[in-house]
Amino acid sequence: MHDPEAAREGGLFVAVAGRRWPLLVVDSITEAIGRGAGCAVVSGSHGGASAARFALEARVALAVFNDAGVGRDAAGIAGLDALQREGVPACAVRHDSARIGDAHSTWDDGVISHANAAAVALGARAGLAVRAWLRPV
């Protein structure tokens, strides 16, 4: 995992569309609470409604989730719309590209399947690898 304070002191940052954030990689979005404010958070969590609530509580700048197969009524990505309503860019990776619950798999291997409008405005699109979108700087 990457500590946002360490990132601010010379650790890993990511950049997209001329913006730059410290990177926080957490297996569960709940781990971002108290640590993820102002960070681009890559998680292993599904992108459902509860995950969005935790991301908002953590005050993330940007969030990446797993689509968990999308599921019935798009439950696995419902949080993307909730985050969009709050202006937070968010996307989900294909469940067959990264292991659910493993944020390093999301970061290393994740391929975007869904993105909210705020993330699309920053260049996120289906089929793009997370690391190609959020470039380490």
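**Close-up 1. The largest nonpolar core of the predicted model has 23 residues.** Leu62, Val64, Trp133 and Leu134 have the most contacts inside this core. A nonpolar core is a set of buried Ala, Val, Leu, Ile, Met, Phe, Trp, Tyr and Cys residues joined through side-chain atoms within 4.5 Å; buried means under 20% relative accessible area, exposed over 50% and partly exposed in between (1.4 Å probe, protein chains only). At least two core residues come from each of strand 1 (13–16), strand 2 (19–26), strand 3 (40–46), strand 4 (62–66), strand 5 (90–93), helix 4 (103–109) and helix 6 (130–133). Strand 2 gives the most, three residues. Helices (H or I, at least four residues) and strands (E, at least two) are DSSP runs numbered from the N terminus. This is a predicted model in which local features need pLDDT of at least 70 and side-chain atom pairs count only at pLDDT 80 or more, while totals for chains, interfaces and linings use all residues. Residues are numbered from 1 along each chain as its sequence is written, and side-chain values use heavy atoms, with hydrogens and water left out.

**Close-up 2. Surroundings of Leu134.** Not counting residues up to four places away in sequence, Leu134 touches Val14, Ala15, Val16, Val42, Leu62, Val64 and Trp107 (contact: heavy atoms within 4.5 Å).

**Close-up 3. Seven strands form an open sheet of mixed pairing.** The strand order is 6-5-4-3-2-1-7, where two strands pair if DSSP finds at least two bridges between them. Strand 6 (112–115) and strand 7 (135–136) are the edge strands, each pairing on one side only. Strand 1 and strand 7 are antiparallel, with two bridges; Ala15 has Arg135 of strand 7 as its bridge partner.

**Close-up 4. Helix 3 (residues 78–85) lies across strand 4, strand 5 and strand 6.** Helix 3 runs at about 165 degrees to strand 5 (axes are lines fitted to C-alpha atoms, for helices over the stretch in contact; angles run from 0 to 180 degrees between N-to-C directions). Its buried residues are Gly79, Leu80, Ala82 and Leu83. These fall within an arc of 165 degrees seen down the helix axis, so they line one face of helix 3; the arc is that of the directions from the helix axis to the C-beta atoms. They pack against helix 2 (49–58), strand 4, strand 5 and strand 6.

**Close-up 5. The buried residues of helix 2 are Ala51, Ala52, Ala55 and Ala58.** They cover an arc of only 125 degrees around the axis, which puts them on the same side of helix 2. Arg53 and Glu57 are exposed on the face turned away from the buried side.
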